[in-house]
Amino acid sequence: MSRAAVVCGLGGALPATAVTNEELAAQLDTSDQWIRTRTGIGLRYVVAPGESTSDLAVAAGERALESARRKGGAEAADVDLVVLATSTPDRPCPGTAPGVAHRLGLGTVPAFDVAAVCTGFVYALATAASMITAGVAERALVIGADTFSTILDPVDRTTRAIFGDGAGAVVLRAGESGEPGALLGFDLGSDGGGADLITVRAGGSRQRSTGEPPAPGDEFFAMEGRPVFTQAVINMSESSQRLLDRVGWTPGDLDKVVAHQANVRILHAVGEQLGLEDKQLVVNLDRVGNTVAASIPLALSDAAAGGDLVPGHRVVLTGFGGGLTWGSAALVWPDVEPVTQS
Ligand code: COA
């Protein structure tokens, strides 16, 4: 057995305002039927005016710490590292994580952001787990939080149908590789050749150094749906399979695959590529949409709270997103009680 990072707390938070497909159809040229059949999404949540990514990150972080305390006592919430995955930071500078750590009362712990869009949570998990196994940290709070409603084009029916706001978080502690909850391995990758497929063109140094104002629409999130769909299926399937080979599991050994919740047709296509049965796939996008970096921890919270994910289950997490980026992680599910309400 060797030193490993072990999952010991889980929390999630959604903003108060739900937006139904019918409400979108009243504003845009779309319908409940189109959105449900093409994406599987029925509902998403959006932040209120003035509410930001850090507000959701703090709520999810508090709940994950409370979840860790329930099984491990007060010491379990004594984290010495915060890693926040987000592509919608409160401000371009500084990072959002130090403010989140401050509001959580965590003192002067190291805190930084990871920007890998929808793969952000898996990248952040790998970063924090590596810092624990290297002995740089003992306990880490890993948060995925995004508020894509703040960067969507209000008249873009495609992106507005898909994306929702939210935050999810886990607590990691130092432990042994043989324990339930130990992160057993990661597979991470990127392909910057596809950077234009998922992007916000304006607002960064490329545009700002021109001294010109952004071209109309360039401040909004833009996505090329079809190639993104194809790449999501290929990269999540291949990344999961590479990780399974490394860990020594087969797809049939898995109880649950918690894939990034972008489109139910993507989830089924990944399942088909890996030869999975539907019952092995966790699906919660019908209730929250694509919550970007929050997607995987929110799906974990929902599955664990609903009894779909139970201690001892063999689990693979797999994500895909802008960059392009992808990443997967494997673990045996531990005895954690998710906290999703204050
Ligand atoms: N309501 C009604 N029609 C819509 C629509 C909506 N909300 N969104 C798109 N359409 C239209 C398109 O304009 C297009 O119309 P046209 O044929 O007149 O041009 C038609 O539906 C088909 O568009 P297409 O893009 O081929 O649809 P699709 O079946 O590929 O579904 C996505 C579109 C975006 C749902 C799908 O491509 C997808 O899920 N892509 C991946 C998105 C994703 O995962 N993003 C995040 C990755 S991290």
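**Exercise 1.** In which loop is Leu-324 found? State also the peptide bond before Leu-324.

*Solution.* Leu-324 is in the loop between β12 and β13 (325–332). Helices (H or I, at least four residues) and strands (E, at least two) are DSSP runs, numbered from the N terminus. The bond from Gly-323 to Leu-324 is cis, with omega near -15 degrees.

The model is predicted: local features need pLDDT of at least 70, side-chain atom pairs count only at pLDDT 80 or more, and totals for chains, interfaces and linings use all residues. Residues are numbered from 1 along each chain as its sequence is written, and side-chain values use heavy atoms, with hydrogens and water left out.

**Exercise 2.** Describe the backbone at Pro-94 and Val-117.

*Solution.* Start with the general rule: most residues other than glycine have a negative phi, and most peptide bonds are trans. The peptide bond from Cys-93 to Pro-94 is cis, with omega near 0 degrees. Pro-94 belongs to the loop between β4 (82–85) and α4 (97–103). Val-117 is not a glycine, yet has a positive phi of about 50 degrees. The loop between β5 and α5 holds Val-117.

**Exercise 3.** Locate the residues that UniProt marks as "active site".

*Solution.* First, read the record: the unreviewed UniProt entry places this feature at Cys-118, His-260 and Asn-290. UniProt positions are given in the numbering used here, feature names are shortened, and annotations may be inferred rather than shown by experiment. Next, compare sequence and space: the three span 173 residues in sequence, yet no two of their C-alpha atoms are more than 8.6 Å apart, so they gather at one spot. Then look at the pocket: the lining of the second largest pocket includes Cys-118, His-260 and Asn-290. On a 1 Å grid over the protein atoms alone, a pocket is an open set of points where a 1.4 Å probe fits, with protein on both sides within 12 Å along at least five of seven lines; lining residues have an atom within 4 Å of a point. Last, Cys-118 is in the loop between β5 (111–114) and α5 (120–133).

**Exercise 4.** Describe where the ligand sits and what surrounds the ligand.

*Solution.* The ligand sits in the second largest pocket, meaning that more than half of its atoms lie within 2 Å of the pocket's grid points. Around the ligand are 23 residues, of which Thr-30, Arg-38, Arg-157, Arg-226 and Asn-263 come nearest; a residue counts if one of its heavy atoms lies within 4 Å. Elements that each supply at least two residues of this shell include α2 (32–39), α8 (225–247) and β12 (314–321).

**Exercise 5.** List polar contacts of the ligand with Arg-38, Gly-225 and Trp-34.

*Solution.* A polar contact here is a pair of N or O atoms within 3.5 Å.

- Arg-38: a side-chain N or O atom is 2.7 Å from an oxygen atom of the ligand.
- Gly-225: a polar backbone atom is 3.0 Å from a nitrogen atom of the ligand.
- Trp-34: a polar side-chain atom is 3.5 Å from a nitrogen atom of the ligand.

Finally, the protein covers 75% of the 950 Å² of accessible area that the ligand has on its own (Shrake-Rupley method, 1.4 Å probe).

Key: Polar contact = N/O pair within 3.5 Å; in protein donor to acceptor, adjacent residues only side chain to side chain.
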